[in-house]
Amino acid sequence: PTHDADILLVGHFHNSSVRSVGKERYIITTPSLDNGSSWFTASRGNVATAGVLTMRLSAGKFRDLLIV
């Protein structure tokens, strides 16, 4: 279940983010592979940056977060 996750990855929210939700618990949203839609641009007022999120995971921790 997601409530037991130390790191929860959530896809396709157009913009990436890392949010701390407790002691060493995170929600990481990944970018989409496109620049968003006209609806997204009109509703948010910006254009999403397309990319793929990469990171290293070890012992329940992440590091070297990068969007390529």
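**Salt bridges.** I began by looking up salt bridges in this predicted model, and I noted that the structure holds three of them. For the first entry I took Lys61, which forms a salt bridge with Glu24, with 2.6 Å between the closest N and O atoms. I then placed the two partners along the chain: Lys61 lies in strand 5 and Glu24 in the loop between strand 2 (17-20) and strand 3, so this pair ties together parts that are 37 residues apart in sequence. I also checked how far each partner is covered, and I found Lys61 partly exposed at a relative accessible area of 45%, while Glu24 is partly exposed at 43%.

**A network around Asp64.** I next went through the contacts of Asp64, whose side chain meets that of Arg56 in a salt bridge of 3.0 Å, N to O. The side chain of Asp64 also meets that of Arg63 in a salt bridge, with 3.0 Å from N to O. I therefore recorded Arg56, Arg63 and Asp64 as linked in a network of salt bridges, given that a salt bridge requires a side-chain nitrogen of Lys or Arg within 4 Å of a carboxyl oxygen of Asp or Glu. For accessibility I wrote down 44% for Asp64, which counts as partly exposed, and 48% for Arg63, which counts as partly exposed as well.

**Aromatic pair.** I asked myself how many aromatic pairs a search of the whole structure finds. The search finds one, and I identified its members as Tyr26 and Phe62, which are arranged edge-to-face with 5.1 Å centre to centre and 90° between the planes. I noted that this pair links distant parts of the chain, since Tyr26 is in strand 3 and Phe62 in strand 5 (residues 61-67), 36 residues apart. Is Tyr26 buried or exposed, I wondered, or something in between? At 27% relative accessibility I entered Tyr26 as partly exposed, and Phe62, at 24%, also counts as partly exposed, because the class covers values between under 20% for buried and over 50% for exposed.

**Nonpolar surface patch.** Lastly I looked for nonpolar side chains on the surface, and I found a patch formed by Leu33, Val52, Leu66 and Val68, with about 400 Å² of accessible area together. I followed up one of its members, Leu33, which I located in the loop between strand 3 (26-29) and helix 1 (38-44). With a relative accessible area of 68%, I entered Leu33 as exposed, because exposed means over 50%.

Note on methods:
Residues numbered from 1 in each chain as written. Predicted model: local features only at pLDDT ≥ 70, side-chain atom pairs only at ≥ 80, totals over all residues. Heavy atoms only, no water. Patch = residues over 30% accessible without salt bridge, like charges linked within 9 Å, V, L, I, M, F, W, Y side chains within 5 Å. Areas by Shrake-Rupley, 256 points an atom, 1.4 Å probe, with all protein chains shown as cover. Helix = DSSP H or I, 4+ residues; strand = E, 2+ residues; numbered from the N terminus. Buried < 20%, exposed > 50% of the residue type's maximum accessible area, 1.4 Å probe, protein only. Phe/Tyr/Trp six-rings, centres within 6.5 Å; stacked < 30°, edge-to-face > 60°.
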